[in-house]
Amino acid sequence: MVKQISLFWLIFVFSSIIFSHGRSLSLNLLPHALKSFNPKNIQAANSCPYTVVIKTSCSSTTYTRDKISLAFGDSYGNEVYIKRLDDPSSGTFERCSTDTFQINGPCVYDICYLYMLRTGYDGWKPESVKIYAPYTKTVKFNYNKFLPNGVWFGFNVCVRASLSTAIM
């Protein structure tokens, strides 16, 4: 019975992604840790612009001095990796704030995974991450969880994802 429910859920999630006719996709799955994730630091000849909007939860710490990294991509292996988004001197990632980043990176088709890495001692709780790009659907990942220290944490709903990764 549990396998049937899991299979139904998996089919529902993938069909929602594949048959989505809108230009925006909001993911309400729970984020998970991925200890074996290794982002690619690719400098591609084709560069595409992205706008990444990160909203920090009002239940987060007042501010963080932690190092925040981000990686997102598609099911074809295209990936955008930002080693360090934060700037402690600028007030980035303060409680109840929204920070917008303009990023150029390899061109990605429909974004189906996003992971964030926090390294430090302050702690930080993102509410959501929204990514805009001119040639792909806008996607929003809802976190609402404190990021663990030193572990990539996020979402993977790629069609090629394994059953255990996609459902967690």
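**Figure 1. Three disulfides in a predicted model.** By a cut-off that takes a disulfide as a pair of cysteine sulfur atoms within 2.5 Å, the count comes to three disulfides. This is a predicted model, in which local features need pLDDT of at least 70, side-chain atom pairs count only at pLDDT 80 or more, and totals for chains, interfaces and linings use all residues. Residues are numbered from 1 along each chain as its sequence is written, and side-chain values use heavy atoms, with hydrogens and water left out. With bonded cysteines counted along the chain, the disulfides follow the pattern 1-4, 2-3, 5-6.

**Figure 2. Close-up of Cys 48 and Cys 107.** The sulfur atoms of this disulfide are 1.9 Å apart. The torsion about the S-S bond of Cys 48 and Cys 107 is about 85°, so the disulfide is right-handed. Cys 48 lies in strand β3 and Cys 107 in the loop between β6 and β7, so the pair ties together parts that are 59 residues apart in sequence. Helices (H or I, at least four residues) and strands (E, at least two) are DSSP runs, numbered from the N terminus. Buried here means under 20% relative accessible area, exposed over 50%, and partly exposed in between, with a 1.4 Å probe and protein chains only. Cys 48 is therefore buried at 8%, while Cys 107 counts as partly exposed at 29%.

**Figure 3. Close-up of Cys 58 and Cys 96.** Here a disulfide joins the two residues with an S to S distance of 2.1 Å. Cys 58 sits in the loop between β3 and β4 and Cys 96 in the loop between β5 and β6, so to speak of distant parts of the chain is fair: they are 38 residues apart. With a relative accessible area of 48%, Cys 58 is partly exposed, and Cys 96 is partly exposed at 42%.**Figure 4. Close-up of Cys 112 and Cys 158.** The S to S distance of this disulfide is 2.0 Å. A torsion of about 85° about the S-S bond of Cys 112 and Cys 158 makes the disulfide right-handed. The pair links distant parts of the chain, with Cys 112 in the loop between β6 and β7, Cys 158 in the loop between β10 and α2 (163-167), and their positions 46 residues apart. Cys 112 counts as buried at 8% relative accessibility, and Cys 158 is buried at 4%.

**Figure 5. The nonpolar cores.** A nonpolar core is a set of buried Ala, Val, Leu, Ile, Met, Phe, Trp, Tyr and Cys residues joined through side-chain atoms within 4.5 Å. The largest has 27 residues, and those with the most contacts inside it are Phe 72 and Met 116. At least two residues of this core come from each of β3 (47-56), β4 (67-73), β5 (79-82), β6 (98-106), β7 (113-119), β8 (126-133), β9 (136-142) and β10 (153-156). The largest share, four residues, is supplied by β3. Apart from this core lies another, of eight residues, among them Ala 71, Tyr 115, Trp 152 and Val 157. Beyond four places in sequence, Phe 72 is in contact (heavy atoms within 4.5 Å) with residues including Tyr 50, Val 52, Ile 82, Leu 114 and Ile 131.

**Figure 6. Strand β7 and its partners.** Six of the seven residues of β7 are buried. Strands count as paired if DSSP finds at least two bridges between them. Strands β4 and β7 run antiparallel and are joined by seven bridges, with Ser 69 partnered by Leu 117 in β7. Four bridges pair β7 with β10, again in the antiparallel sense, and the partner of Met 116 in β10 is Phe 153.

**Figure 7. Strand β3 and the surroundings of Thr 56.** Nine bridges pair β3 with β6 in the antiparallel sense, where Pro 49 stands opposite Asn 104 in β6. Strand β3 also pairs antiparallel with β8 over six bridges, and Ile 54 has Val 129 as its bridge partner in β8. Thr 56 lies in β3 and is buried, with a relative accessible area of 0%. Thr 56 and Thr 98 are 42 residues apart in sequence and 6.2 Å apart in space, C-alpha to C-alpha. Leaving aside neighbours within four places in sequence, the contacts of Thr 56 include Phe 93, Cys 96, Trp 124 and Pro 126.

**Figure 8. Aromatic pairs.** Rings of Phe, Tyr and Trp (its six-membered ring) pair if their centres lie within 6.5 Å; planes under 30 degrees apart count as stacked, over 60 as edge-to-face and the rest as tilted. By this rule there are nine aromatic pairs. Tyr 76 and Tyr 109 form an edge-to-face pair, 5.4 Å centre to centre with 75° between the planes. Both Tyr 76 and Tyr 109 are exposed. The ring centres of Tyr 113 and Tyr 115 are 6.3 Å apart and their planes stand at 40°, so this pair is tilted. Both Tyr 113 and Tyr 115 are buried. Phe 141, Tyr 143, Phe 153 and Phe 155 form one aromatic cluster.
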